[in-house]
Amino acid sequence: VILGLFFLLAANGASILGAHCILLRIRMSDASVNFALFLVIRLLLISATVIAAGLTHCLTALALGILGAVLVLGFLLKKTYVHIPKPRLSSIGWVAGAVALVICIRLLLEVWFFAPHTTDVLSYHLPKVAEWVRFGGFTRELGVDDHATFPAGFELIETWWVLFLHHDVLIEMAGVEFLILALAATSALAKRLGLSQRSAIWAGLIYIMTPGLMLQATSCLNDGPVAALAVTSFALIACSASWPVVVMPLALGLGVKPTFSYLVPGILLLALLSRGEPRDTIPRRMTSYALGAAGLLTGAFWYLRNLALFGNPVYPIGERDLPIQSEPRLSSLLGNLGSLINVRLYDRGPYGAYLDGIAGWGGISFACGILGLLLWTGENAKVRKLAAAFLLSLAGVLLMARGDDWYMRFCLFFPAILAIAAVRLVELFPPVLPCVAIAFLFQFVGTMLPYDLPLKNLERLAGQSWVRRSSSEFFGFDVKDPAVGYFASNRGSAYCLYGPDFSRRVVYLRSGSAEALLEDMKRAGITTLCIAPLADHEMKIIEDCLRTGKLRRASDHVLVVE
Amino acid sequence: MSPPGTVGDLLRKLGPSVILLGWRATVLPATQLPGDWVTILAAYFLLRAFALPRQTWTFLTVATVTLLLGIYLFGQIPYTLAILGRSP
């Protein structure tokens, strides 16, 4: 653990100093956006490093830790660190500073005590991370879920946070990084719209306290990161960043989740409306082009991989019958818009990262943000342009998303402009402040626990030692063997089987008959089989094994060879 | 654009709010209108068409925000209490 911690610090130190070094070459005249730019560069460096290490099978703590230590040494010798700006509390105000500190402490506690527990995460986001970490590189085995081949840009950052300790106790830090990016980008956008530095920070704080976004940050889901990268794209365009620099968050967003493409029309509209404004001139033009190219390659990596392996960049869309809408539908736009206006905005349902049946935009957006935005657009052309761009992106999502219970998690970028407008409303009408404060406090308390991690489950997680902390007992996967088989039709909690320290080998079985299943288990040297919800023909295979006495049920989801 | 103070100007200012109010009155039962955020904001902007003193504006804005926040919290608090292990 000590060596892992050293490698973790070294690698993160290298990525921070490296991102800072690059930022010095391309920093913008508008200082408020430089912090967001720094964070995106760091995320790009980490993503590109993990992809390169994964492809070359050097995805180990030792390799990346030593590389990080050498780079840190180089940066220290070059004295790069002396240019790092010192944060000044006076510029953000002590109240905002104190609130940021409390949020920071809370997030760190959540990172420490939470364990991955949401269905999608356990079924297809993290099993591939576990395979990569165990194997020390990218693998063909991604699990049995039909979403497993989707782009995994966010999983690269999660891999970074588990690799060095060979443990997932810090895995939620990946989401927290994107939350900080969301704060920085919103603040930059607010400053660009004319708010003071202090007000801009408050806009950022209010945005990250959006219930949907805050709960996504520690859920290991990737919709929060998509929102953060979308707001960053808007901010960079609004702050007149050069085009290669703008490409970076756009490409990273597409690499995190294809739903990012739904937002692109709005981002392009803002670019179109801003085309007359002079773009930022960068002394090191080559650096910005190199960053844009690196961003494109990193974001496109998953699509190129799928094209090479399956002949379809968005595999399995178009080939399997997935519950995903892949073309624009006017009926979806009208239905989703009606649902948003009449039902979702009220948030009449439990807060959770999936936003089941709710918008998750929170009370500040609902009570102050919409009103503030309507008032502001009437008097400021810059705000009108930005609002039009945000609305077009929102329309893009509503047009492309199937009207299920969860489509609002693709719209988490929108509260950014509502948060800025809420702060502006307070500036315009100071007596509104108590309402904003009450709503902020309520959102802080209300987002402490998602509905799918109720208090009793959190107590169970907190009662475990950090080394063994896992949600596996919630799903009936209490196994001791060092290797287990996993048999499932599609969705299931496969990630739990690896253990928080990735010490257990998981063999994904795709056998077509009872005999083949037993043979596959024997060949893999496993005597324990874990099962998730099964389709009829797969259930019959298990029933055949049980009837012939070859397998015995140890619990609902665990079977053992007799 | 019509000059300020003319009927055309008043119609331009009132038009969107009147249309929104008419739409909500058509699609929602009368009992739901007071709790409907679109109706509340449309009513706010309807009043905005009239030149009221600054103090009145501040009062109306605070009242609108308070009403909207009350509607939001009334709907959300029971769920939050349930998650935190407390019955509403």
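## Helices α6 and α7 of chain A

In this predicted model, helix α6 of chain A passes helix α7 of chain A in a right-handed crossing. The two helices, covering residues 119-135 and residues 153-163 respectively, pack at an angle of about 50 degrees, with their axes 10 Å apart. That angle makes α6(A) oblique to α7(A), because it falls neither under 35 degrees nor in the range of 65 to 115 degrees.

From α6(A), the residues that make the contact are A:His125, A:Leu126, A:Lys128, A:Val129, A:Trp132 and A:Val133, while α7(A) contributes A:Glu155, A:Leu156, A:Glu158, A:Thr159, A:Val162 and A:Leu163. Sorted by class, the residues of this contact comprise seven nonpolar, two polar and three charged.

## Helices α11 and α12 of chain A

A second helix pair in chain A is formed by α11 (residues 223-238) and α12 (residues 243-256), whose axes come within 9 Å and cross at roughly 165 degrees. Because angles over 145 degrees count as roughly antiparallel, α11(A) is described as roughly antiparallel to α12(A). The crossing of α11(A) and α12(A) is left-handed.

On the side of α11(A), the contact involves A:Pro225, A:Val226, A:Leu229, A:Thr232, A:Ser233, A:Leu236 and A:Ile237, and on the side of α12(A) it involves A:Trp243, A:Val245, A:Val246, A:Pro249, A:Leu250, A:Leu252, A:Gly253 and A:Val256. In the contact of α11(A) with α12(A) there are 12 nonpolar residues and three polar ones, with no charged residue.

## The largest pocket

The largest pocket has a volume of about 1,800 Å³. Its lining is made up of 45 residues, and those nearest its centre are A:Phe35, A:Pro85, A:Pro87, A:Ile180 and A:Ala184. The elements that give two or more residues to this lining are α1 (2-26), α2 (34-55), α4 (89-92), α5 (94-113), α8 (173-192) and α9 (197-208), all of chain A.

Within the lining of the largest pocket, α8(A) provides the largest share, with 10 residues. By class, this lining has 30 nonpolar residues, together with nine polar and six charged ones.

## The second largest pocket

The second largest pocket holds about 1,000 Å³ of space, and 30 residues line it, of which A:Ile370, A:Leu374, A:Thr377, B:Leu20 and B:Phe45 lie nearest its centre. Both chains take part in this lining, since at least two residues each are supplied by α15 (330-342), α16 (362-377) and α17 (381-400) of chain A and by α1 (7-27) and α2 (37-48) of chain B.

The largest share of the lining of the second largest pocket, six residues, comes from α2(B). The residues of this lining divide into 23 nonpolar, three polar and four charged.

## Backbone features in two loops of chain A

Two loops of chain A hold residues with notable backbone geometry. In the loop between α14 (285-310) and α15 of chain A lies A:Pro316, which is joined to A:Tyr315 by a cis peptide bond with an omega of about 5 degrees.

The other residue, A:Asp347, is found in the loop between α15 and α16 of chain A. Phi of A:Asp347 is near 55 degrees, a positive value in a residue other than glycine.

Note on methods: Residues numbered from 1 in each chain as written. Chains lettered and ligands numbered in written order. Predicted model: local features only at pLDDT ≥ 70, side-chain atom pairs only at ≥ 80, totals over all residues. Heavy atoms only, no water. Axes fitted to C-alpha atoms, helices over the stretch in contact; angles between N-to-C directions. Helix = DSSP H or I, 4+ residues; strand = E, 2+ residues; numbered from the N terminus. Left-handed = near helix turned anticlockwise from the far one by under 90°. Contact = heavy atoms within 4.5 Å. Nonpolar A, V, L, I, M, F, W, Y, C, P; charged D, E, K, R; others polar. 1 Å grid on protein atoms, 1.4 Å probe; cavity = no way out; pocket = protein on both sides within 12 Å on 5 of 7 lines; lining within 4 Å. Points joined across faces, edges and corners; volume = space filled by probe spheres on them.
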